[in-house]
Amino acid sequence: MCPPLWIAASALLVHGTAGWGAPPAWGSPQCQHVYLCHQYLPPTATNTSVRLAALRGVMRTQGTHAYIVPSTDAHMSEYISERDARLGWLTGFSGSAGTAVVTQDKATLWTDSRYWTQAERELDCNWELQRTTSIESIGMWILKEVPVGGNVTLDPFLFSIDTWNSYSRALHGSGRTLLPLETNLVDQAWGDQRPLPSSSEIYSLPAEFTGSSWQEKVAGIRQQMEEHSRRPTAVLLSGLEETAWLFNLRGDDIPYNPVFYSYTLLTNTTISLFMDESRLSAVARASLLSGCPGLLCVELQEYGQVSAHLRRYTQDNVTVWLGTEYTTYGLYSIIPQEKLLEENYSPVMTAKAVKNAHEQEMLRAAHVRDAVAVIQYLLWLEKTVPQGQVDEFSGAQHIDALRWAQEHSRGPSFQSISASGLNAALAHYSPSNGSSRALSVREMYLFDTGGQYLCGCQTQNVESFARRALWNVGLNYGHGTGHGIGNFLSVHEWTGGSPGYSWPSEPGYYRDGEFGIRIEDVALVVEAQTESEETFLTFEVVSLVPYDRKLIDLSLLSPEQIQYLNSYYEKIRAQVGPELRRQRLEEEYAWLQESTEPFPLSSARTVALAPLALAPLLSVLLSGLGA
């Protein structure tokens, strides 16, 4: 028989598994594989043998030949809670994007280029890594590993509509059956070791930080419903930031994202909010119930009742408007097709993305405060790194502490990326205590951090501009160039190209095993000041931290780009300088003055752009920002 490692996971699972066979005997290839994974586990990997054995036992009881595990939650969130980190628990892989498929004798993980090196470090030998995220690749693997007549199952409340349809197409006509299981098999295997849901308070955002009351927002969405050609009777909200924004509520169910688990069904006469109402603060509860009875009365219902409520509602003559990007196939499949109004994003998501005048001012104010924290950090690095006193982890802790000290701060908006040397080649690397590299003046140091403020979140695409310098020499980077950001909400949100949208531009380049560089400035889309009668748009950069002068080769920049830099630095001095002095940070003020000295125009480009320098990336960014 297998050693205790196998027994611990499978002893309680072998009953009722007729047709699937008993656990493998000692000496069998499968049993030897489990033992070797345990014996030769690399220090950066997690032993997943027991977890896989537990899942496979549950799969046998369900008659499942292959089980698909995604990296997201029931709200299509990019960042998830520990309770929803099913992929991470099962595989040991800590990246934010990936898909696993498990059969009775194989386990494979698919992820994108951001995480290939990380996955190699974190996966044990139970797992095979596939360097792609295409569902076509996953489907081909399933067809190879699952026999004709086999069942392929998944939790429909963890998959988007498009993803479900893609899997359905990949398996169509193959003799394999794609089955939705509302019981999550990973949760069953995880058992009582799965983290508990959050129990912290859900609170109202103070009025001075919202720009509009929730009643005004509801009225605006209902007006859009009335004006739509289909005249929908309801809007279904599944994205967590949608409900948080609509009702001006915040929580902390997901690290770095002030949201809480919830759904909303807003009809033209009623408002149903599905959540754990016991967690509402007294002020928040009073606000939601202030319009009862009436059209602005919020009916509080249990989070788990959304499916049953939606099923009852759609029995009548109704039309439900939803955004397919944030709605799971599980909810979508409840609504009859003829009663659906589908668009990529709900009217709440599109309304939220456009910052009103008050929200724009709050975003600018947040960046002034955040610039103070970052400047303090840069000065601290200049003093301590030459003395060998800083590593990646202590650096990340220090910038987080500096942000917390700023007015209205609510901490970091994502886990700080603090990467030295070869670790900087991992686009989303985050250090851990005890296993981080020391910072050195001889190596590139990449830190990508952001802060949450009551007045804003710091962190659509102009991909062709941002990638041009790299494309010209046959290079690229494996992540997007921009995304939306929320006002004290998610650091990654949907955005568009109209005035009021905000997003960071983040071109970069990564050489595996050597270094990584990235520029990440947050900008608002605003109307350009021109003499034309037509409306033109440009970017207003609201990030207010100077670039590292040591990494800029002025000979690669045009006179226009150098002039843009000088104008930008003048703006930083004017807006951040007074705040540094208000906080009596005179040493930091002197550092800022020195770091924003104007560049000489005589140093402008006189030769062709050189590949692999930071300046081409910077010049492209500057061009995109209206230089």
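Biologist: What is the strand order in the open sheet of 6 strands that includes β12 and β14, and what kind of pairing does that sheet have?

Modeller: Please note at the outset that this is a predicted model. As a general idea, the strands of a sheet pair through backbone hydrogen bonds, either parallel or antiparallel. In this structure, the order is β12-β11-β10-β8-β13-β14, and the pairing is mixed. At the edges stand β12 (298–301) and β14 (340–343), each of which pairs on one side only. On average, neighbouring strands of this sheet are turned by 20° against each other, direction ignored.

Biologist: How many bridges join β8 to β10, and do these strands run parallel or antiparallel?

Modeller: Strand β8 (residues 234–237) and strand β10 (residues 263–267) are joined by 4 bridges and run antiparallel. To locate the pairing in the model, begin at V235, whose bridge partner in β10 is L266.

Biologist: How many bridges join β11 to β12, and is that pair parallel or antiparallel?

Modeller: There are 4 bridges between β11 and β12, and the two strands run parallel. Within this pair, S272 stands opposite E299 in β12. Between the two strands the chain passes through helix α11 (residues 282–288), and this β-α-β crossover is right-handed.

Biologist: Which strands do helices α10 and α12 lie across?

Modeller: Helix α10 (residues 240–247) lies across β8, β10, β11 (271–274) and β12, and runs at about 55° to β10. Helix α12 (residues 306–313) lies across β8, β10, β11, β12 and β13 (320–323), with an angle of about 20° to β10.

Biologist: I should like to turn to the sheet that contains β1. What is its strand order?

Modeller: That sheet is also open, with 6 strands in the order β4-β3-β2-β1-β5-β6 and mixed pairing. Its edge strands are β4 (128–130) and β6, each pairing on one side only. Neighbouring strands of this sheet are turned by 25° against each other on average, direction ignored.

Biologist: Which residues are bridge partners along β1, β5 and β6?

Modeller: One may follow the partners from strand to strand. Strand β1 (residues 66–70) runs parallel to strand β5 (residues 151–154), and 2 bridges join them. A66 has V152 in β5 as its bridge partner. The bridge partner of V152 in β6, in turn, is L178. Strand β6 (residues 177–180) runs parallel to β5, to which 4 bridges join it. The chain passes from β5 to β6 by way of helix α7 (residues 161–171), in a β-α-β crossover that is right-handed.

Biologist: Where do helices α3 and α7 lie with respect to this sheet?

Modeller: T153 and L179 in β6 are another pair of bridge partners to locate. Helix α3 (residues 49–62) packs on the sheet and touches β1, β2 (99–102) and β3 (107–110); its direction makes about 65° with that of β2. Helix α7 lies across β1, β2, β5 and β6, running at about 155° to β6.

Biologist: How many aromatic pairs are there in this structure?

Modeller: In general, a pair of aromatic rings is described by the distance of the centres and the angle of the planes. Here the count comes to 16 aromatic pairs. One of them joins W89 and W190, which are stacked at 5.2 Å centre to centre with 20° between the planes. W89 belongs to helix α4 (residues 86–91) and W190 to helix α8 (residues 185–190), so the pair ties together parts that are 101 residues apart in sequence.

Biologist: Are W89 and W190 buried or exposed?

Modeller: W89 counts as buried, at 15% relative accessibility. W190 is also buried, with a relative accessible area of 7%. A further stacked pair is that of Y564 and Y568, at 6.2 Å centre to centre and 15° between the planes. Both of these tyrosines lie in helix α18 (residues 559–582), 4 residues apart, about one turn of the helix. Both Y564 and Y568 are buried.

Biologist: Which residues form one aromatic cluster with Y564 and Y568?

Modeller: The cluster consists of Y547, Y564, Y568, Y569 and F599. Over the ring of F599 sits the charged end of R549, 4.2 Å from the ring centre. Elsewhere, the charged end of R581 sits over the ring of Y589, 3.9 Å from its centre.

Notes. Residues numbered from 1 in each chain as written. Predicted model: local features only at pLDDT ≥ 70, side-chain atom pairs only at ≥ 80, totals over all residues. Heavy atoms only, no water. Pairing = 2+ DSSP bridges. Axes fitted to C-alpha atoms, helices over the stretch in contact; angles between N-to-C directions. Contact = heavy atoms within 4.5 Å. Right-handed = clockwise from strand over helix to strand, strands pointing away. Phe/Tyr/Trp six-rings, centres within 6.5 Å; stacked < 30°, edge-to-face > 60°. Buried < 20%, exposed > 50% of the residue type's maximum accessible area, 1.4 Å probe, protein only. Lys NZ or Arg CZ within 6 Å of the ring centre and 35° of its normal.
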